[in-house]
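Reader: I'd like to go through the labels on this model and hear the reasoning behind each one. Can we take them one at a time?

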Amino acid sequence: MSLSSALFSGISGLNTLGNSMTVIGDNIANVNTVGFKGSRVTFQDVLSQTVATTSGTAQVGRGTILADISSSFSQGSFESTNSTTDLAIGGQGFFIVRDAASVNNDYYTRAGEFRFDKDGNFVNPAGYIVRGWGLDADTGEDYGSIADITLQSFTSSPRETDHVTVIANLDSDATSLTAALETAWDGSDASPIGGTAYEYQTSLKVYDSLGSTHDMTVYYDLQAGSTWEYIITCNPAEDVRAGAGVGQGLLARGTIVFNDSSGSIQGITMQRFDPDSPTGNGNWDDTAPLSVNWGVDEPKNTNGYLEFAPEFIGGYPMAVEFDLGSRWDGSNWVPGSLATSQYATASTTIFQSSNGYGAGDLQSVNVGTDGVITGQYSNGQVIPLYRVALAKFQNVQGLYKEGGNLYRETRVSGDPITGRPGSNGLGSISPNSLEQSNVDIATEFVKMITTQRGFQANSKIITVTDQMLAELINMKR
């Protein structure tokens, strides 16, 4: 009886060590598999048999059995790649992917080898779609619930200009060249204004709602003392306001009053030209430049800037803030870090810009450490598109391996806890990187040697026990 038990103990050792070698072989086979997590085998003894001894009873073991095969979810090293959509997780999270052929069938993976397919889906090599949140293009904030990351459009819509900044220095030693700048403007002529009618001019581009560009020019001339006048103009051929006549292309006029000693802005006024004014039947009245052909004086908006209204598309006037570097706070003009000035140096433009942009085509995408996917467009815009979602589990050992570097949640693993990369212990994302297998091949070789020796020893138990049984049978001869 005891000899047969020895045989079964040896067999249990062979079976268990054989399974252990299978796990070791799987680890070594996946030493170069992206995101692979190595496994280890735990043995435990089998229920012992009670035998009689001179001192009473004792227990004799009956061999071994597999207790557990667990995965090691330790961090793997990162390999740098030249693909911006290759992602690696530095932490305990998992990417969430969905089988496009299934509904509500999410899987989890550490392998971040992703790309965009022909339909704009952000997928892994098996075609499973990565999950995340859509982002508001203006604020960059998440909206909605977790959904497939799919590019709906490969173009960036245009945005019309609603703010222009023109910071200049106007020479305090200049002289007045024209009594009133607006009287020197003739929008019906090929050259609307002569070069000797103003002290200084600067131009910049603005965009209409369809993304077309238009040149906007500001002309300056000294009026008297430390007061300068300016007019804001555009190409008369692009001004679609009806009834402007010689005022075609003339959008607004105003004054800038500087402090005599400091050269800083003390006050700004603006009047918009209204071609549809009932006085003068909408015609430009050069004999009465202060007539009601001009719009409401000082049209400040809620942001504290003066505002003019070009119209490049019929029936769709724009509202554009004119920023000279000083903003009205309700009682005073408050200068910014850069502001238009009057110093004893040549008139020059210090800084100018306008917001808005034309339509653009998607040129490339980038992913940040916070999981935000941004699109770079040919119009210079960088627009946030999606944020990659991560998930973690209370019991990662309870996850079920599906193959293809995928895991599936089970009752034992618990429900996934999802969130943004970098929050709630989910780990951050490293773009242009792939997480390598965490298998240590040297350790696996040592395990392979000890397993082989254990297997060899157990086989000896069987052969020796067989010899002992043979001797027992030969006693009958």
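Reader: Are F95 and F114 buried or exposed?

Author: Both F95 and F114 are buried. Keep in mind that this is a predicted model. The label takes a relative accessible area under 20%.

Reader: What makes F95 and F114 an aromatic pair, and why is the pair called edge-to-face?

Author: Ring centres have to lie within 6.5 Å, and those of F95 and F114 are 5.1 Å apart, so the two rings pair. For edge-to-face the planes must be over 60 degrees apart; here the angle is 85°, so the name fits.

Reader: Where in the chain do F95 and F114 sit?

Author: F95 belongs to strand β7 (residues 94-98), while F114 is in the loop between β8 (106-109) and β9 (115-116). With the two positions 19 residues apart, the pair links distant parts of the chain.

Reader: How many aromatic pairs does a search of the whole structure find, and which residues do ring pairs link into a cluster?

Author: The search gives 15 aromatic pairs. The cluster linked by ring pairs consists of F73, F94, Y108, F393 and Y407.

Reader: On to R253: why does it count as buried?

Author: Its relative accessibility is 6%, and buried means under 20%, so R253 qualifies. R253 is found in strand β18 (residues 250-258).

Reader: What makes the link between the side chains of R253 and E182 a polar contact?

Author: The cut-off for a pair of N or O atoms is 3.5 Å, and this contact comes in at 2.4 Å, so the distance is within the limit.

Reader: What about empty space: which residues lie nearest the centre of the largest pocket?

Author: A137, Y377, I383, P384 and L385 do, out of 21 lining residues. The volume of this pocket is about 370 Å³. β11 (129-135), β13 (155-156) and β27 (382-388) each contribute at least two residues to the lining, and β27 has the largest share, with five.

Reader: How do the residues of that lining divide into nonpolar, polar and charged?

Author: For the largest pocket, 11 are nonpolar, eight polar and two charged.

Reader: And what is the volume of the second largest pocket?

Author: About 200 Å³. S39, I69, S70, S71 and K401 are the closest to its centre, among 13 lining residues. α1 (2-29) and β4 (64-71) each supply at least two residues of this lining, which divides into six nonpolar, five polar and two charged residues.

Notes. Residues numbered from 1 in each chain as written. Predicted model: local features only at pLDDT ≥ 70, side-chain atom pairs only at ≥ 80, totals over all residues. Heavy atoms only, no water. Phe/Tyr/Trp six-rings, centres within 6.5 Å; stacked < 30°, edge-to-face > 60°. Helix = DSSP H or I, 4+ residues; strand = E, 2+ residues; numbered from the N terminus. Buried < 20%, exposed > 50% of the residue type's maximum accessible area, 1.4 Å probe, protein only. Polar contact = N/O pair within 3.5 Å; in protein donor to acceptor, adjacent residues only side chain to side chain. 1 Å grid on protein atoms, 1.4 Å probe; cavity = no way out; pocket = protein on both sides within 12 Å on 5 of 7 lines; lining within 4 Å. Points joined across faces, edges and corners; volume = space filled by probe spheres on them. Nonpolar A, V, L, I, M, F, W, Y, C, P; charged D, E, K, R; others polar.
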